[in-house]
Amino acid sequence: MTRGRLAAATACAVALVALPAAGCGGGGGSAGQSGPTTVKNTDVKVVANGSKGGGLDAQTLYKQLSPGVVTVISLFSGGGGPLGGGGNGDAGLGSGFVLDGDGYVATNAHVVTTGDKAPLRRAGQVFVEFADGNRVGAKIVGTDPDSDVALLKMDPKGLTLTPLKFDDSANLVVGQPVAAIGSPFGEEQSLSVGVISALDRSIASLTEFQIGNAIQTDAAINHGNSGGPLLDANGRVIGINSQIKSSSGGGEGVGFAIPANTAKRSLTQLRQSGKVRYGFLGVSSQPLYPQLAEHLSLKVKRGALVSKVQAAPARRAGLKGATGAETFQGQDIDTGGDVIVSLDGEAIRSPGDLGDFVALRNPGDKVKLGIIRDGRARTLTVTLGSRPSGSQGG
């Protein structure tokens with residue numbers, strides 16, 4: 001994981017907080033344990049509704065769904081370290097949750113990787129520990145550093161699995177109750193409750209790109225919660241807990257989760273091919289807001305003001321970058337470039353919108369950009385490229 005933006009090499013830490021590389025705390029037992037010795041058919045429990053009565057029933061939700069939340073133990077540098085009972089390797093601890101009866105588990109990419117820059121180094125060994133004490137080995141199917149999502153696969157034989165189901169994160173509202181389950185500081189199966197504090201946040205990924213549409217919550221999230229589920233009142237996963245914002249190094253009620261729709265896209269592609277591809281436009285842009293639009297004599301009030309055309313997809317489409325610069329309200333503004341106001345008919349109100357919409361497309365997709373150039377509305381057709389590793393821009 002990238003130090004300074006996300007947690008240190010232990011993988012138990014979350015973004016925006018740097019922690020020392022050792023001493024995350026273990027989940028109990030030996031890291032070399034391989035699970036139950038008696039092989040039997042997988043027992044899959046299907047939970048129809050994690051709560052009742054319309055509100056968030058924390059007791060019912062926890063009783064039904066906590067068995068589907070796991071502790072993820074990652075061993076680096078040869079598999080030793082504090083969790084393994086000796087050796088020189090680093091070890092990390094996070095959370096995850098069961099996706100289905102086939103043994104797939106979702107977690108954060110930063111829980112099972114380490115490093116200062118791309119390519120990140122994967123853990124040499126990964127173990128998944130259940131609420132009943134079973135601990136089994138898992139392989140990393142794939143990681144998506146752009147969205148900080150990872151997919152693990154374990155042998156489900158002999159296990160009782162409680163899969164958790166995703167909900168649509170596009171219809172969330174600020175103030176709705178939520179619950180987080182995970183292993184903060186190695187304390188397995190811990191429940192915290194709160195509300196959605198804000199939506200449409202942008203948070204750091206393991207690359208230079210931002211993760212858009214992130215969910216902010218005041219439910220307690222601490223080191224070790226990374227990779228665990230953020231649940232709504234119906235017990236559906238609306239996000240994967242990933243980061244905290246803190247001045248002290250501890251949880252201060254400002255936690256962030258990767259939205260379910262972003263996670264679902266990543267997990268689907270990881271299962272199919274072991275990697276995730278994102279569309280790429282290749283521009284840098286600045287936010288256009290009403291006061292700036294009035295100052296620049298633009299007829300639109302919001303959009304993405306193109307500063308620079310950086311890459312081939314945008315150049316081939318004929319997008320125009322800034323031709324001048326000035327200072328307005330204490331900010332340096334690039335002027336004279338196109339203003340992107342829509343993508344395939346969806347309104348672009350900020351550079352964040354542009355990045356989010358492009359990221360949801362695949363390389364090779366053709367999209368129609370609505371732009372304003374020299375006071376006139378135009379439409380450009382763009383064939384998106386593939387997002388380069390470690391690059392910046394939309």
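**Close-up views of the predicted model**

**View 1. Asp-200, a positive phi within a strand.** Asp-200 is part of strand E12, which covers residues 190–204. The model shown here and in every other view is predicted. Phi of Asp-200 is near 60°, a positive value in a residue that is not glycine. Most residues other than glycine have a negative phi. Is Asp-200 buried or exposed? Asp-200 counts as exposed, because its relative accessible area of 58% is over the 50% cut-off.

**View 2. Asp-148, a positive phi in a loop.** Asp-148 belongs to the loop between strand E8 (135–144) and strand E9. Its phi is near 55°, again a positive value in a residue other than glycine. Asp-148 has a relative accessible area of 0%, so it is buried.

**View 3. The hairpin of E24 and E25.** Strand E24 spans residues 366–373, and strand E25 spans residues 376–383. The two strands pair in the antiparallel sense, over 8 bridges. One bridge joins Ile-372 to Ala-377 in E25. How many residues lie between the two strands of the hairpin? There are 2 residues between E24 and E25. Asp-374 sits in this turn and has a positive phi of about 55°.

**View 4. The largest nonpolar core.** This core holds 28 residues. Which members touch the most other members? They are Phe-97, Leu-99, Phe-166, Leu-231 and Leu-267. Several elements each supply at least two residues of the core, among them helix H1 (58–65), strand E4 (104–107), strand E9 (149–154) and strand E11 (177–182). Strand E13 (210–217), strand E15 (237–244), strand E16 (255–259) and helix H2 (260–273) also each supply at least two. H2 gives the largest share, 4 residues. A second core is separate and has 22 residues, including Val-72, Leu-120, Phe-130 and Val-136. In soluble globular proteins, nonpolar side chains tend to be buried together.

**View 5. The surroundings of Phe-166.** Neighbours within four places in sequence are left aside here. Phe-166 then contacts Phe-97, Leu-99, Arg-236 and Val-237, among others. Its contacts also include Ala-260, Ala-263, Lys-264 and Leu-267.

**View 6. Two aromatic pairs.** A search of the whole structure finds 2 such pairs. In one of them, Phe-97 and Phe-166 meet edge-to-face, 5.8 Å centre to centre and with 70° between the planes. This pair links distant parts of the chain, 69 residues apart: Phe-97 is in strand E3, and Phe-166 is in the loop between strand E10 (160–161) and E11. Phe-97 and Phe-166 are both buried. Phe-209 and Phe-280 also pair edge-to-face, with centres 6.5 Å apart and 85° between the planes. Where in the chain do Phe-209 and Phe-280 lie? Phe-209 is in the loop between E12 and E13, while Phe-280 is in strand E17 (residues 279–280). The two are 71 residues apart, and they too link distant parts of the chain. Phe-209 and Phe-280 are both buried.

**View 7. Charges over tyrosine rings.** The charged end of Lys-153 sits over the ring of Tyr-104, at 5.5 Å from the ring centre. Arg-265 lies over the face of Tyr-278, and its distance from the ring centre is 4.9 Å.

**View 8. Asp-100 in the loop between E3 and E4.** Strand E3 (91–98) and strand E4 flank the loop that holds Asp-100. Asp-100 is buried, because its relative accessible area of 13% is under the 20% cut-off. What does the side chain of Asp-100 reach at 3.4 Å? It reaches the backbone nitrogen of Gly-103. The backbone nitrogen of Tyr-104 is also 3.4 Å from a polar atom of the Asp-100 side chain. Leaving out residues up to four places away in sequence, Asp-100 touches Leu-161, Pro-163 and Arg-271.

**View 9. Ala-293 in helix H3.** Helix H3 runs over residues 290–295 and contains Ala-293. The relative accessible area of Ala-293 is 2%, so this residue is buried. Ala-293 touches Leu-288, Leu-298, Val-300 and Lys-301, not counting residues up to four places away in sequence. Leu-305 is 12 residues from Ala-293 in sequence, and their C-alpha atoms are 9.9 Å apart.

Key
Residues are numbered from 1 along each chain as its sequence is written. This is a predicted model: local features need pLDDT of at least 70, side-chain atom pairs count only at pLDDT 80 or more; totals for chains, interfaces and linings use all residues. Side-chain values use heavy atoms; hydrogens and water are left out. A nonpolar core is a set of buried Ala, Val, Leu, Ile, Met, Phe, Trp, Tyr and Cys residues joined through side-chain atoms within 4.5 Å. Buried means under 20% relative accessible area, exposed over 50%, partly exposed in between (1.4 Å probe, protein chains only). Contact means heavy atoms within 4.5 Å. A polar contact is a pair of N or O atoms within 3.5 Å; within protein, one must be able to donate a hydrogen and the other to accept it, and residues adjacent in sequence count only if both atoms are side-chain atoms. Two strands pair if DSSP finds at least two bridges between them. Rings of Phe, Tyr and Trp (its six-membered ring) pair if their centres lie within 6.5 Å; planes under 30 degrees apart count as stacked, over 60 as edge-to-face and the rest as tilted. A charge sits over a ring if NZ of Lys or CZ of Arg is within 6 Å of the ring centre and within 35 degrees of the ring normal.
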